[in-house]
Amino acid sequence: MNAVAPPAALQTSGSQLATLNDWVARVAALTKPAAIHWCTGSDAENQTLVDQMLADGSLIKLNQDTHPGSYLHRSNPEDVARVEHLTFVCTPEREDAGPNNHWMPPAEAHAKIDALFDGCMAGRTLYVIPYCMGPIDSPLSRCGVEITDSPYVVANMRIMTRMGAPTLARIEREGHFVKGLHSTGELDPNRRFIMHFPDELTIKSYGSGYGGNALLGKKCHALRIASYQARSEGWLAEHMLILGITNPQGATHYIAAAFPSACGKTNLAMLIPPEGYLKDGWKISTIGDDICWMRPGADGRLYAINPEAGFFGVAPGTSKKSNPNALASIQTNTIFTNVGVTADNQPWWEGIDNDQTPVTDWQGQPYDPAVRPAAHPNSRFTVSAKQCPSYSDMAEDPQGVPISAIVFGGRRASLVPLVFEARDWTHGVLIGAAMGSETTAAATGAVGVMRRDPMAMKPFCGYNFADYFSHWLSFDKDGAHLPKVFHVNWFRKGDDGKFLWPGFGDNLRVLEWMINRVEGKVEAVSTPIGQLPAEGTLNLNGLSLSEEAHSKLFGFDPAGWQAEFASIGDYLTEYGPRMPQALLEEQQEIAQQLA
Ligand code: O2Y
Ligand code: MN
């Protein structure tokens, strides 16, 4: 076995990196790899890994004329998504992980997963990936090191993070980093765990090679561990996209928005303004599509970075119509996972809306729609953010971007209007804590069941939600200039079951109203649930909305909200005595107004 210490090319002057070297040596002693490779992130290194994966069949070359530098990976069919039931937060006290997490005592968790790691890399190469979440020179960024035996993970982490020598230099300077140990193991779902040890800044993941289970910088580090770290360091690690809106006068506002899965976060982050807005000179710029780290700046505003350097976007439904920027981004240098392919080897998925047809499905079998879709519903593309036409230079700004508005949103067929604004920060935190989506018959068999997903962090908060809400409330202090908070619902349906709001580019109309509210330019109507757009203040020019659409998108149903607030009260009390009194009082006050 070679090199338990980084090679000269990765070292900075006099570097010893003792903690890192010791950890690599201990992991190597446990996992017993045939070789150790310290990743530099260079093009040459990537090419070597790609060639190796092409040779062993774990990557398949796509049509290099139409998709230069792009490849397909087919994961094990039993390893196609995050596994929440196997994901644990291992704090010393169960209460600190909270009812929102699966919990195991740290010693038991280490013992259980280390037994799986024992000898698991025999005959394999152990890759050491130093990565930085966020711009390398940003004080908001944090570093980690992932050890993995998967070259596919290395290739993805190279796209999704800033990887290599500058990160190692930063780790040496700072003296700390998040330790992530990953092995694909046997890909046996019965021998699979994703364990988090927030007190130890440690992640251990075994038995999956897929997405959030394996690319440890993403959900494990940038959300679960980071949210825990953020609590003690006074910042927020959130499941939010970040976008910039530039008005015709050239002023830019930044918005951070949290939505549960399958609510179009990537589409919103890359929105293309509708025709009239484009003509007038409106522009949307993308900072990030999934994760947002923010902290108060000297002026009291929240400043945000996107800790990621790429997009791990869901492929099905991505088309020239739904997301032209995403489609443009993935024409070159993209790793596709679990999509179908056409006869001439181009990637294909349901909803791509082109004139091609798939011949091979995501499992490598001849495509037969009666057997399975061409692409797995959770199939993905991994691509550098720099390839996105709407990606903003400001995403690389070490200071981050100032956030003017925070948006919470869910998928609600009934009750919830298109947009409303929180009266103040505490009310905004309550709106975030209560947010959720209704299930559909297709997904669960039970229509209209409310699943609450506070701040879209249910699968990702690394500690007790009650403490998390207290942390959010703590930002409201002297000198703070906090963003306005809004709630949106793009998914309100009419009596005929059809969506009432056109969505996509037209969502900019709602964002414009928010910006006008931030600038104090337009009026709102006060209701117990918050501020609704006053008649004529949200630009509907060029849309033909029915009377039903008008009343449901902009109206407020007191009886329906009374029941909703009773349910919100029940939900908050499930968290027991740690639930902050201020949030309970806010809920009770609104419930009384509705009674
Ligand atoms: O299934 C996975 O591992 C991917 S999940 C994912 C990927 C990108 C962005 N968000 C998510 C999510 O589940 O929120
Ligand atoms: Mn996400």
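Me: Contact means heavy atoms within 4.5 Å; with that in mind, what do the buried residues of α16 pack against?

Reply: In this predicted model, the buried residues of helix α16 pack against two strands, β25 (419–421) and β30 (530–533).

Me: Which residues of α16 are buried?

Reply: The helix covers residues 547–554, and Ala-549, Lys-552, Leu-553 and Phe-554 are its buried residues. The word requires a relative accessible area under 20%. As background to reading such a list, an α-helix has 3.6 residues a turn, so residues three or four places apart point the same way.

Me: Why is Thr-167 called buried?

Reply: The relative accessible area of Thr-167 is 1%, and the cut-off for a buried residue is under 20%, so Thr-167 is rightly called buried. This residue lies in helix α6, which runs over residues 165–174. Setting aside neighbours within four places in sequence, Thr-167 is in contact with Pro-130, Tyr-131, Cys-132, Ile-136, Cys-143 and Arg-162. Its C-alpha atom is separated by 46 Å from that of Asn-539, a residue 372 places away along the chain.

Me: What makes β15 a mostly covered strand?

Reply: Of the 6 residues in β15 (residues 283–288), 5 are buried, each of those having a relative accessible area under 20%.

Me: How do you know that β13 and β15 pair, and in which sense?

Reply: Two strands pair if at least two bridges are found between them; β13 (residues 240–246) and β15 have 5 bridges in the antiparallel sense, so they count as paired. Within this pairing, Ile-245 stands opposite Ile-284 of β15.

Me: What makes β2 and β18 the edge strands of their sheet?

Reply: β2 (60–61) and β18 (310–314) each pair on one side only. The open sheet to which they belong has 5 strands in the order β2-β3-β19-β23-β18, with mixed pairing. β2 joins β3 (residues 71–73) through 2 bridges in the antiparallel sense, and since at least two bridges are required, this pairing meets the criterion. Ile-60 stands opposite Leu-72 in β3.

Me: How do you know that β20 and β21 pair?

Reply: Strand β20 (residues 340–342) is joined to β21 by 2 bridges, with the two strands running antiparallel; the criterion asks for at least two, so the pair qualifies. One bridge can be named, since the partner of Val-341 in β21 is Pro-347. These strands belong to an open, antiparallel sheet of 3 strands in the order β21-β20-β22, whose edge strands are β21 (347–348) and β22 (358–360), each pairing on one side only.

Me: Why is the chain said to be as compact as a globular protein of that length?

Reply: The chain, which has 18 helices and 30 strands, has a radius of gyration of 24 Å, and the globule rule gives 25 Å for 595 residues; the two values are close, so the chain is as compact as a globular protein of that length. Along its principal axes, the C-alpha trace spans about 70 × 55 × 50 Å.

Me: How many of the contacts between residues at least 6 apart in sequence join residues at least 24 apart?

Reply: The share is 72%, each contact being a case of heavy atoms within 4.5 Å. Buried residues, for their part, make up 59% of the 595 residues in the chain.

Note on methods. Residues numbered from 1 in each chain as written. Chains lettered and ligands numbered in written order. Predicted model: local features only at pLDDT ≥ 70, side-chain atom pairs only at ≥ 80, totals over all residues. Heavy atoms only, no water. Helix = DSSP H or I, 4+ residues; strand = E, 2+ residues; numbered from the N terminus. Rg over C-alpha atoms; globule rule 2.2 N^0.38 Å. Buried < 20%, exposed > 50% of the residue type's maximum accessible area, 1.4 Å probe, protein only.
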